[in-house]
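Colleague: I should like to go through this structure with you, one topic at a time. Please have the coordinates open.

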Amino acid sequence: MIFPPWLERFQVKYFNPAIRPFARYLPGMATITHRGRKSGKPYETIVTAYRKGNVLVIVLGHGKTDWVKNVLAAGEADVRFIRKTVHITNPRIVPAGSNAEHLPWAARLQARRVGVFVADIA
């Protein structure tokens, strides 16, 4: 986790609700739809996603948050980009500093310091 906890609380409470209506129209932004581990309630979370071939990568600047745990538990989720929705499977975490040669360039740079969420596009 590279962001301080107060910044995460600010982002969840103020930034995410403000950007949610138009996040799907911004390049690099995506909305991941997942289900709660215990409640089964559907959730939508705004993320910055990178795609290379059939691999989706999301840098975990806030650490292993609830949406990450939910997707890992379910083993799948849907990700909505600007014009397209994809279904992801086989989610996994690549630890910081790992060999990330197969990741997109921007994600490789960030993967030196933080963990990365990686999933296959079905």
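Colleague: With which side chain does the side chain of T45 make a polar contact?

Modeller: A note beforehand: this is a predicted model. The side chain of T45 makes that polar contact with the side chain of H34, at 3.0 Å.

Colleague: Where is T45 placed, and is T45 buried or exposed?

Modeller: T45 belongs to strand β2. Its relative accessible area is 17%, which is under the 20% cut-off, so T45 counts as buried.

Colleague: Which residues is T45 in contact with, leaving aside its neighbours within four places in sequence?

Modeller: With those neighbours left aside, T45 is in contact with A30, T31, I32, H34 and W67.

Colleague: Let us turn to the largest pocket. What is its volume, and how many residues line it?

Modeller: The volume is about 930 Å³. The lining consists of 36 residues, and T45, I46, H62, T65 and W67 lie nearest the centre of the pocket. Elements that give two or more residues to this lining are α1 (5–19), β1 (29–35), β2 (42–52), β3 (55–59) and α2 (66–74).

Colleague: Which element gives the most?

Modeller: That is β2, with seven residues in the lining of the largest pocket.

Colleague: And how is the lining made up by class?

Modeller: There are 16 nonpolar, 13 polar and seven charged residues in the lining of the largest pocket.

Colleague: W67 was named twice. Which residues of α2 are buried?

Modeller: In α2, the buried residues are W67, V68, N70 and V71. Viewed down the axis of α2, they fall within an arc of 165°, and therefore they line one face of the helix.

Colleague: Why do residues three or four places apart in an α-helix point the same way?

Modeller: An α-helix has 3.6 residues a turn, so residues at that spacing point the same way.

Colleague: What do the buried residues of α2 pack against?

Modeller: The buried residues of α2 pack against β1, β2, β3, β4 (76–80), β5 (85–94) and β6 (116–121).

Colleague: What phi does G75 take, just after α2?

Modeller: G75 takes a positive phi of about 80°.

Colleague: One last topic: where is K41 placed, and which residues is K41 in contact with?

Modeller: K41 is in the loop between β1 and β2. Leaving aside neighbours within four places in sequence, K41 is in contact with H34, R35 and G36. K41 is partly exposed, with a relative accessible area of 46%.

How values were computed
Residues are numbered from 1 along each chain as its sequence is written. This is a predicted model: local features need pLDDT of at least 70, side-chain atom pairs count only at pLDDT 80 or more; totals for chains, interfaces and linings use all residues. Side-chain values use heavy atoms; hydrogens and water are left out. On a 1 Å grid over the protein atoms alone, a cavity is a set of points where a 1.4 Å probe fits but cannot get out, and a pocket is an open set with protein on both sides within 12 Å along at least five of seven lines; lining residues have an atom within 4 Å of a point. Grid points are joined across faces, edges and corners, and a volume is the space filled by probe spheres set on the points. Helices (H or I, at least four residues) and strands (E, at least two) are DSSP runs, numbered from the N terminus. Ala, Val, Leu, Ile, Met, Phe, Trp, Tyr, Cys and Pro count as nonpolar, Asp, Glu, Lys and Arg as charged, and the others, Gly among them, as polar. Buried means under 20% relative accessible area, exposed over 50%, partly exposed in between (1.4 Å probe, protein chains only). The arc is that of the directions from the helix axis to the C-beta atoms. Contact means heavy atoms within 4.5 Å. A polar contact is a pair of N or O atoms within 3.5 Å; within protein, one must be able to donate a hydrogen and the other to accept it, and residues adjacent in sequence count only if both atoms are side-chain atoms.
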